[in-house]
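Visitor: I'm new to this one, so could you walk me through it? Show me the structure and I'll ask as we go.

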Amino acid sequence: MSSLLPLISIITPCFNHGKYIQETVDSIRNYNWKIPIEHIIVNDGSTDSGTLNELNKLKRQDIIVIDQKNGGPSAARNTGIKAARGKYILPVDADNKIFPSVFEKAYDLLEQDSTLSVVYTDVEHIGEKEGVWKVGKLKELSLLNRNQIDTCALIKKGDLIEVGGYDEDIPFRGNEDWELWLRMMFNNKKFYYLEEVGFQYRTLSNSLSRTDSGPNHAVNKDYIVAKHQAAYAAYALKAIEKLTQYEKRQQYIRENRIRNIVKILFNKPIL
């Protein structure tokens, strides 16, 4: 790690994930970064002795470890963001691994275009699920219904703070990243899709996506819609407008079908 002021602050919440956290740390530090970084781990009230032992080992290295009472991933990430000195924030969960060279490219993109707020990537699944998730470009209307972008993305810290960080009051943990992306979208923050695998996402049977946010997606969605009623209404009107335009195009094609066929066949309009 460089002694220079970091440009990227990597934030890792950890609650009883000591089994994997050394792999996470190694994926970050076993790389010759071209820019200065810092890695902040927030111990979110871990109770597992193995995890606590691993965190104590990391404290003796040049990893910043912050201890706090258990408050969930939103509270842990917000704690890390407050302590962060970097210009950009990279949230990395304690059971995932990143490919630093891809996020260096993300950094370059953010530096080259001041209008960008978030650069996100494709994902490689490991653990109980394998394969690559090709995320694709952000679809605003789809994001209203379900999350499209994982937590692990490079974010401009100033914009993240401007929109208020992560929501600590969401009913079930695991959808706080979705709510953040929506809030950034509603505040006209610009996203960029970097079509490369930026990290490995570990799927576990006891992950929050399976135990909390997945089974309770409808509850979290009701909370999010109620919180952002005006924005959802505005985007609903936009969707209706697009649908209306589509229906008009379909109607035109139906009404002008013969005329268009003749024009194509004979390269001249029919009278």
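Visitor: Is Phe191 buried or exposed?
Guide: This is a predicted model in which local features need pLDDT of at least 70 and side-chain atom pairs count only at pLDDT 80 or more, while totals for chains, interfaces and linings use all residues. Residues are numbered from 1 along each chain as its sequence is written, and side-chain values use heavy atoms, with hydrogens and water left out. Buried means under 20% relative accessible area, exposed means over 50%, and partly exposed is in between, using a 1.4 Å probe and protein chains only. Phe191 has 14% relative accessibility, so Phe191 counts as buried.

Visitor: Which strand holds Phe191?
Guide: Helices (H or I, at least four residues) and strands (E, at least two) are DSSP runs, numbered from the N terminus. On that numbering, Phe191 belongs to β9.

Visitor: Which residues does Phe191 contact, leaving aside its neighbours within four places in sequence?
Guide: Contact here means heavy atoms within 4.5 Å. Leu116 is one of the partners, and although it sits 75 residues from Phe191 along the chain, their C-alpha atoms are separated by 6.1 Å. The full set is Leu116, Val118, Tyr120, Leu138, Ile149, Trp181, Met184 and Met185.

Visitor: And Lys189, is that buried or exposed?
Guide: Lys189 is in the loop between α7 and β9. Not counting residues up to four places away in sequence, Lys189 touches Ser117, Asp159, Glu162, Val163 and Met184. Its relative accessible area is 15%, so Lys189 is buried.

Visitor: What about Asn188 in that loop, buried or exposed?
Guide: Asn188 also lies in the loop between α7 and β9. It has a positive phi of about 60° although it is not a glycine. With 69% relative accessibility, Asn188 counts as exposed.

Visitor: Where is Asn16 found?
Guide: Asn16 has a positive phi of about 60° without being a glycine. At 28% relative accessibility, Asn16 counts as partly exposed. Its place is the loop between β1 (8–14) and α1 (18–29).

Visitor: Which helix gives the most to the largest nonpolar core?
Guide: A nonpolar core is a set of buried Ala, Val, Leu, Ile, Met, Phe, Trp, Tyr and Cys residues joined through side-chain atoms within 4.5 Å. The largest one has 56 residues, and those with the most contacts inside it are Ile8, Ile10, Leu90, Ile98, Leu154, Trp181 and Leu182. With seven residues, the top giver is α7.

Visitor: Which residues does Leu182 touch, not counting those up to four places away in sequence?
Guide: Leu182 is among the residues with the most contacts inside the largest core. Its partners are Leu143, Leu144, Ile224 and Tyr232.

Visitor: How are α7 and α9 set against each other, roughly parallel or roughly perpendicular?
Guide: Axes are lines fitted to C-alpha atoms, for helices over the stretch in contact, and angles run from 0 to 180 degrees between N-to-C directions. The axes of α7 (residues 176–186) and α9 (residues 217–227) come within 11 Å and cross at roughly 25°. Angles under 35 degrees count as roughly parallel, over 145 as roughly antiparallel, 65 to 115 as roughly perpendicular and the rest as oblique. That makes α7 and α9 roughly parallel.

Visitor: Which residues of α9 meet α7?
Guide: On the α7 side are Trp178, Glu179, Leu182 and Arg183. The α9 residues they meet are His217, Lys221, Ile224 and Lys227.
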